[in-house]
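Grab a pencil and keep the viewer open. Here are a few short exercises, each with a worked solution.

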Amino acid sequence: MFRHSVLLKACTRARCRWASTIIKPWYITTPIFYPNAVPHIGHLYSLVTADIFARYHALKNPLRPVSFVTGTDEHGLKIQKAALNKGLPPKEFCDAISLKFRKLANEADVNFTRFIRTSEEAHYTAVEHVWRQLDKLGLIYKGSYSGWYSITDECFYTDSQVVHIAEGHTPARTISKETGATVEYSSEINYMFRLSQFREALLEHYSSDPESVVPLAHHSHLVSILQSPLEDISISRPRSRLSWGIPVPNDPQHTVYVWFDALISYLTAIGYPWPNSGASQGWPVDMQIIGKDIVRFHTVYLPAILLALKLPLQRQILAHAHWTSSQKKMSKSLGNTTDPFQAIKEFGIDSVRYYLAKVGGRFQDDVDWSHVQVVKHDRELQTVLGNLYMRITSPAIASRMAPECSASDREPFIPLLEASEALPSVLSNYMDKVNVADALEAIMGVLRLANKCLTDAAPWKSSPEVARASYDSCLESLRVSGICLQPFMPRVAGKLLDALGVSPAERSWINGQMGSIGDVVAGVRLFPAVSK
């Protein structure tokens with residue numbers, strides 16, 4: 001019998017061993033996406049969110065490597081059926097769709113370090129290793145399992161997790177309370193994992209760390225769930241029902257359950273099984289980005305497996321809300337998704353990333369994808385950032401600047417310079433609180449202030465000394481803003497810093513408060529024209 005205090009102490013000892021001897025890479029993951037259809041805007045949202053945090057941590061600590069994993073979860077009944085409908089072998093079907101997810105990440109300037117596919121041989125090896133380890137510990141047994149199965153969610157639900165509904169004249173149906181997906185009752189002989197043994201350890205872990213799952217509402221709900229007993233879970237399906245997946249070790253008549261398989265990918269991606277604690281490879285994961293509909297798998301199932309393996313638990317899980325279309329969750333099965341490739345083509349990736357982060361960056365509530373609102377936010381960027389650079393570098397100002405200016409000439413710009421100097425610290429505070437939207441808004445606030453100061457000073461008709469003060473102050477605000485914008489809009493931030501002549505060696509977070517401007521290139525258009 002596993003005792004929760006022993007498990008947690010073992011994980012704590014593991015942390016101490018690696019913390020004292022090596023620099024652990026900062027490790028972040030997206031969900032491992034299910035490629036039964038082409039990617040939609042929700043997938044892009046997860047990718048961009050993870051990329052923002054990955055880039056931010058790379059800038060904050062350039063000496064610490066960042067491991068950023070994304071990929072595709074390629075087994076399961078949905079894939080098997082989708083491939084059959086296309087008349088393709090499952091692997092060939094996955095090859096084509098997985099390529100689209102990789103293409104989306106590349107077009108979105110998502111700087112991942114590893115793209116994992118669960119159909120890889122290395123992943124088969126990792127899953128088999130985990131299975132054998134758990135089996136050796138007596139945590140896997142064969143038993144009869146009955147429950148409500150959802151093909152959409154690829155998982156079983158208990159009676160307490162479903163609701164039976166009647167819809168007017170249509171036949172009554174049963175759905176998952178958590179996702180709304182239709183479920184059907186199924187009974188089969190499967191392999192089971194003794195999840196029930198880990199409830200106390202999980203409850204102790206989450207109760208002691210309120211920031212381990214954010215937003216807080218998800219953490220509170222999780223702690224509430226863990227107050228009640230956990231049931232053991234099925235971790236296989238009969239091969240006769242599911243042939244596309246990893247065979248259970250020593251029992252080819254069963255296939256490893258797709259979620260068990262997928263959760264191990266976060267270990268596979270950084271080389272598991274390791275010859276040591278895994279710290280030099282990046283474990284434990286510092287931040288996992290997931291959708292709110294898969295919280296249970298990442299906060300209960302995966303941590304229980306990690307506890308059994310005596311591995312440290314994930315440090316933080318960000319469960320973001322969903323993007324909706326007409327207030328309904330975007331879903332491949334509902335056919336109401338937005339094509340991210342088309343959005344990037346129309347607006348450019350920087351404007352799309354800006355909209356996703358600004359509107360969806362608090363992660364609390366579902367947000368609606370609106371073409372009208374994307375246009376509005378794109379214009380905001382063009383006006384507040386793009387036009388500011390064009391105005392301050394215009395010949396109308398450059399041609400009449402004095403070589404120097406006095407302190408009194410700079411006085412109207414002191415609030416702008418103070419706000420610019422404080423900006424990196426303000427942003428760090430928001431990012432550490434997992435608030436991307438307000439971090440981005442802080443940058444825009446400085447840029448709006450720069451525009452106001454420029455308009456008030458009117459350097460195109462004021463004295464040459466005021467023109468110099470305007471020029472120096474606004475360019476400094478643009479330099480700092482450019483450094484701070486790098487996690488959010490890397491392409492336009494790079495273009496801005498290049499135009500300001502900022503050396504690549506002076507673009508780390510610390511340079512936000514101390515750095516220099518080189519040869520400025522006038523009239524650089526930071527944003528492409530919106531595609532019609």
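There are 25 salt bridges in this structure; a salt bridge here is a side-chain nitrogen of Lys or Arg within 4 Å of a carboxyl oxygen of Asp or Glu. Before you start, know that the model is predicted, so local features need pLDDT of at least 70 and side-chain atom pairs count only at pLDDT 80 or more, while totals for chains, interfaces and linings use all residues. Residues are numbered from 1 along each chain as its sequence is written, and side-chain values use heavy atoms, leaving out hydrogens and water.

**Exercise 1.** Work out which parts of the chain the salt bridge between Asp 251 and Lys 142 ties together.

*Solution.* Start with the distance: the closest N and O atoms of Asp 251 and Lys 142 are 3.4 Å apart. Next, place the partners: Asp 251 sits in strand E13 (residues 251–256) and Lys 142 in strand E4 (residues 140–150), so the bridge links parts 109 residues apart in sequence. Strands are DSSP runs of E with at least two residues, helices are runs of H or I with at least four, and both are numbered from the N terminus. Last, check accessibility (buried is under 20% relative accessible area, exposed over 50%, partly exposed in between, with a 1.4 Å probe and protein chains only). Asp 251 is buried at 10%, whereas Lys 142 is partly exposed at 46%.

**Exercise 2.** Find where Asp 286 and Arg 315 lie, and say whether each is buried or partly exposed.

*Solution.* First, the gap: their closest N and O atoms are 3.0 Å apart, in a salt bridge. Asp 286 lies in the loop between helix H9 (265–268) and strand E14 (287–291), and Arg 315 in the loop between helix H10 (295–308) and strand E15 (317–320), so this pair ties together parts 29 residues apart in sequence. Asp 286 is buried, at 6% relative accessible area; Arg 315 is partly exposed, at 33%.

**Exercise 3.** Describe the salt bridge of Lys 452 and Asp 456, then list the members of the network that contains Asp 286.

*Solution.* The side chains of Lys 452 and Asp 456 meet at 2.8 Å, N to O. Now look at the helix: both residues lie in H17 (residues 436–457), 4 residues apart, which is about one turn. Lys 452 is partly exposed at 49%, and Asp 456 is exposed at 53%. For the network, follow the shared partners: salt bridges join Lys 24, Arg 64, Asp 286 and Arg 315 into one.
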